[in-house]
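The following paragraphs lead the reader through a single protein structure. Please keep the sequence and the structure in view while reading.

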Amino acid sequence: MAWDRLGDKARQRLQDQLVREQVRAVASGSAYWKKRFADIGRPAASVTSVDKLASVPAVGERDVSPTGDAAAMASLVLHGGEKHFALHTHGPTLRRALRKKATRSRDYPRIVARETRATSYGWTGLGFRYPVASTRGDLDVLSRTGARMWSVIGATADDALLAAVPPGSVEYDALHYAALGAGAPALFPGIDPAEVATAALLAPPTVLAVAAAAATQVLTGLNEAGVPLKQLRTLLLVGAPTDDERAAARRGLADVGAAGDAVVLGVHVPAGGRLAWAECRPSAGGSGLHTYPDHDLVQVVDPESGDPVSGEPSTAAGAGGELVLSQLGLRGSAVLRWRTGDLAAAIDTSPCPACQRKVPRLVGVRRGALVVATDAGLPLDLRAVAGALAGRADLADWRVVVGGRARDGRQQVVVHLAPNGDAGAATVGAAADIRAAAGMLPSQLVLAENGELGRLPGEALTRRMLLRR
Ligand SMILES: [Zn+2]
């Protein structure tokens with residue numbers, strides 16, 4: 001059955017099986033997960049389904065590396081040898097390998113290494129940058145899912161990709177392997193405008209991939225360099241684009257004289273992930289990011305508490321929250337119940353109304369919304385701030401307000417507290433816990449009456465976290 005045609009029952013059966021395999025591999029191969037499963041008293045063998053996995057507490061980069069040290073993220077990498085391979089490898093690959101072993105072929109150790117040895121690293125991260133590892137087998141998955149992405153965006157082997165994305169990033173790798181998998185020509189000049197223009201003059205792109213925030217600037221630069229853009233029919237905005245970024249990109253396409261049927265589509269690799277999800281061409285970007293159900297298990301948690309969102313336990317379908325990713329069938333860095341820092345309005349499991357693919361789609365994604373830059377220019381993890389405030393007996397309620405300061409537009413994070421009882425003790429306690437959990441203090445702590453908190457202006461990022469523009 002094709003990856004994008006599985007009915008609900010078949011998808012659940014497949015994902016249950018892949019979850020069992022993945023959890024076994026992860027719990028025995030990764031230092032972090034070995035300890036984690038022991039700490040929470042959940043033997044890997046007890047996680048037998050998607051629903052059971054949903055009750056495993058979600059974790060993110062700060063949980064694996066509280067100090068933001070990239071080296072600590074190596075504990076996510078699976079280490080396995082021949083035994084690991086025999087226990088956790090899929091049937092056909094394993095059978096082929098065992099035939100090689102029986103004939104004492106030199107291919108046997110090669111096959112084992114291919115599935116177990118991390119050989120390739122891409123950069124990712126929200127609060128800090130860290131590498132995620134891929135095995136040779138994982139790169140095959142990148143290439144296969146990349147070819148699918150190519151078809152989701154309505155591109156063919158005749159399309160030519162120009163990707164202006166940072167070399168070494170997971171986005172770069174995903175697009176690189178997508179072009180390889182699709183057999184399409186592609187150039188990766190990096191993000192220097194002069195280099196991008198030179199590459200575009202060499203091979204005028206039909207597909208242009210660029211960071212969502214930089215699209216207009218790149219289009220203008222190409223136009224000014226004299227790059228013919230009338231064949232450009234797909235603009236991929238890397239990182240789930242905001243409505244403003246989409247609108248600006250559409251205007252930019254019109255301004256540079258792109259093809260009449262040119263579309264703007266979002267493509268996104270969540271922090272910690274490696275596979276690129278895309279919006280489908282028939283939807284012109286309106287039906288959400290299409291995931292790969294045989295490699296991605298997408299769920300949501302409450303961004304304030306990290307608890308599962310009530311609803312259908314398998315995906316909390318229809319519900320919104322922080323996007324939590326479990327990667328299935330990838331054996332480099334193990335991403336299980338991973339808090340991506342992205343907010344999603346909903347996970348839609350109904351067939352896509354535009355392309356009819358039956359794959360879970362992520363609707364209304366706000367990339368990295370839960371990790372913000374403060375006025376000191378440092379990243380502050382709002383999940384850690386919320387975690388330090390949620391459920392405190394000395395607080396009646398609280399709000400976190402993120403936004404540009406009126407005076408100079410610098411980003412600041414203001415925490416409003418309504419204490420129960422002693423205001424001084426509650427403020428000091430909350431500040432100390434925020435510092436311990438988030439590694440730094442917010443820009444301001446403000447005491448408020450309980451009733452005032454509900455009237456604070458701002459757009460709700462979550463119930464208690466507000467965005468002020
Ligand atoms: Zn679609």
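V309 is buried, because 22 other C-beta atoms lie within 10 Å and the cut-off for a buried residue is 20 or more. The model in which this count was made is a predicted one. Along the chain, V309 belongs to the loop between β10 (296-301) and β11 (321-327). Another residue to locate is G320, eleven residues away from V309 along the chain. The C-alpha atoms of V309 and G320 are separated by 8.0 Å.

Two further loops contain residues with an unusual backbone angle. As background, most residues other than glycine have a negative phi. A284, which is not a glycine, nevertheless has a positive phi of about 50°. The loop that holds A284 runs between β8 (277-278) and β9 (289-290). Is A284 buried, partly exposed or exposed? With 15 other C-beta atoms within 10 Å, A284 is partly exposed, because this count falls between the limit of 12 or fewer for exposed residues and that of 20 or more for buried ones.

Q356 likewise has a positive phi, in this case near 70°, and is a residue other than glycine. Its place is in the loop between β13 (346-348) and β14 (361-363). Around Q356 there are 11 other C-beta atoms within 10 Å, so Q356 is exposed.

Attention now turns to a pair of helices. Two packed helices are described by the angle between their axes and the distance between the axes. Helix α10 (residues 193-202) packs with helix α11 (residues 215-224) at an angle of about 55°, and the axes are 9 Å apart. Therefore α10 is oblique to α11, since the angle lies outside the ranges set for the other classes: under 35 degrees for roughly parallel, 65 to 115 for roughly perpendicular and over 145 for roughly antiparallel. The crossing of these two helices, α10 and α11, is right-handed.

Which residues of α10 and α11 meet? From α10 come P193, V196, A197 and A200, and from α11 come V218, G221 and L222. By type, the residues of this contact comprise six nonpolar and one polar, with no charged residue.

Finally, the protein chain as a whole may be considered. It is divided into domain 1 (8-116), domain 2 (130-368) and domain 3 (372-468). How far apart do the C-alpha centres of domain 1 and domain 3 lie? The distance between these two centres is 38 Å.

Definitions and conventions. Residues are numbered from 1 along each chain as its sequence is written. This is a predicted model: local features need pLDDT of at least 70, side-chain atom pairs count only at pLDDT 80 or more; totals for chains, interfaces and linings use all residues. Axes are lines fitted to C-alpha atoms, for helices over the stretch in contact, and angles run from 0 to 180 degrees between N-to-C directions. Helices (H or I, at least four residues) and strands (E, at least two) are DSSP runs, numbered from the N terminus. A crossing is left-handed if the near helix is turned anticlockwise from the far one by less than a right angle, and right-handed if clockwise. Two residues are in contact if their C-beta atoms, placed from the backbone, lie within 7 Å. Ala, Val, Leu, Ile, Met, Phe, Trp, Tyr, Cys and Pro count as nonpolar, Asp, Glu, Lys and Arg as charged, and the others, Gly among them, as polar. Domain bounds come from an automatic or database domain assignment.
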